[in-house]
Amino acid sequence: MQAHESGQQVSPVAGGETLGASPSGFDWNSFAADYEALGEPISRPHAEQSLGLSGVTPGERVIDVAAGTGALTLAAARAGAKVLAVDFSPGMVARLSDRLRAEGRDSCEARVMDGQALEIDDVRFDAAFSIFGVMLFPDWQCGLAEMARVCALAGAAVSRCGRGGKGRHQSSPFTTHIASPSLTPHPTPLPQGLPG
Ligand SMILES: C[S@@+](CC[C@H](N)C(=O)[O-])C[C@H]1O[C@@H](n2cnc3c(N)ncnc32)[C@H](O)[C@@H]1O
């Protein structure tokens, strides 16, 4: 067990070769280097805009769920937040840990963890983010509930997802639900390059 800046004790997920593989068999570990080069430039503007909308201030505790190579984590760290990045892929976590170390972000860390079952006590963070992450979980409702659970009552939970109704995520229950007329989308225009 190790202590995070938030005061939370976190432990790595006990190991298996399948860590970081989606139920469909897609292995995020082997994709980490390519994701940083090809995927992160697309997600970065969404991460930066989400961070700006959240109003996170220096010193606040942030959790980035399904952090990947760290688009949101690094932006929040550079803004002075204390970030715990979690991802179920050891390959992604290793890459992000290297980047945090290279920038000397001592109050931030990346840990292997399933976003559907966060090994974190309630109400530990001021803000919870998931950029193109929780939408991919088999149980995304649980992923959203976990984000809300670990977030302070006055905190913010922000999830970015692909657009529903068109493209790759057309049939995703997550995007269908988020696009439901009963939910009011945020009026801020999205950056270009949204997947899906
Ligand atoms: C499309 S990438 C997004 C990465 C990053 N948030 C970004 O904006 O660039 C999806 C990420 O979700 C992670 N992931 C998928 N299922 C997960 C789960 N159940 N728990 C934690 N991370 C998961 C993958 O390992 C991958 O890093």
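Phe132 is buried in this predicted model. The count behind that call is 23 C-beta neighbours inside 10 Å, and 20 or more are needed, so Phe132 passes the cut-off. Phe132 sits in the loop between β6 and α4 (140-150). Its phi is near 50°, a positive value in a residue other than glycine.

Ala66 also has a positive phi, about 60°, although it is not a glycine. Most residues other than glycine have a negative phi. Ala66 lies in the loop between β3 and α2 (71-78). Ala66 is buried, because 26 other C-beta atoms lie within 10 Å.

What about Pro23: buried or exposed? Pro23 counts as exposed, because it has 8 C-beta neighbours inside 10 Å. The cut-off for exposed is 12 or fewer. Pro23 belongs to the loop between β2 (9-10) and α1.

The table sets out these three loop residues.

| Residue | Loop | C-beta neighbours within 10 Å | Class |
|---|---|---|---|
| Ala66 | β3 to α2 | 26 | buried |
| Phe132 | β6 to α4 | 23 | buried |
| Pro23 | β2 to α1 | 8 | exposed |

Pro23 has a partner far along the chain. The C-alpha atoms of Pro23 and Phe137 are separated by 9.1 Å, while the two residues are 114 apart in sequence.

Next, the strands. Strand β6 covers residues 125-131. How many of its residues are buried? The count is 7 of the 7, so β6 is largely enclosed by the rest of the structure. Strand β3 (residues 61-65) runs parallel to β6, and 3 bridges join them. In this pairing, Asp64 of β3 stands opposite Phe129 in β6.

Now the ligand. It is surrounded by 22 residues. Which of them are closest? They are Trp28, Ser43, Ala66, Gly68 and Ile131. Ala66 thus returns here: the buried loop residue with the positive phi is among the closest to the ligand. Helix α1 (residues 32-54) gives the largest share of the shell, 4 residues. By class, the shell holds 11 nonpolar, 8 polar and 3 charged residues.

Finally, the whole protein. It has 5 helices and 7 strands. Along the sequence they follow the pattern β-β-α-β-α-β-α-β-β-α-β-α. The protein has 196 residues, and buried ones make up 45% of them. Take the contacts between residues at least 6 apart in sequence: 66% of these join residues at least 24 apart.

Technical notes. Residues numbered from 1 in each chain as written. Predicted model: local features only at pLDDT ≥ 70, side-chain atom pairs only at ≥ 80, totals over all residues. Helix = DSSP H or I, 4+ residues; strand = E, 2+ residues; numbered from the N terminus. Pairing = 2+ DSSP bridges. Near = placed C-beta within 6 Å. Nonpolar A, V, L, I, M, F, W, Y, C, P; charged D, E, K, R; others polar. Contact = placed C-beta atoms within 7 Å.
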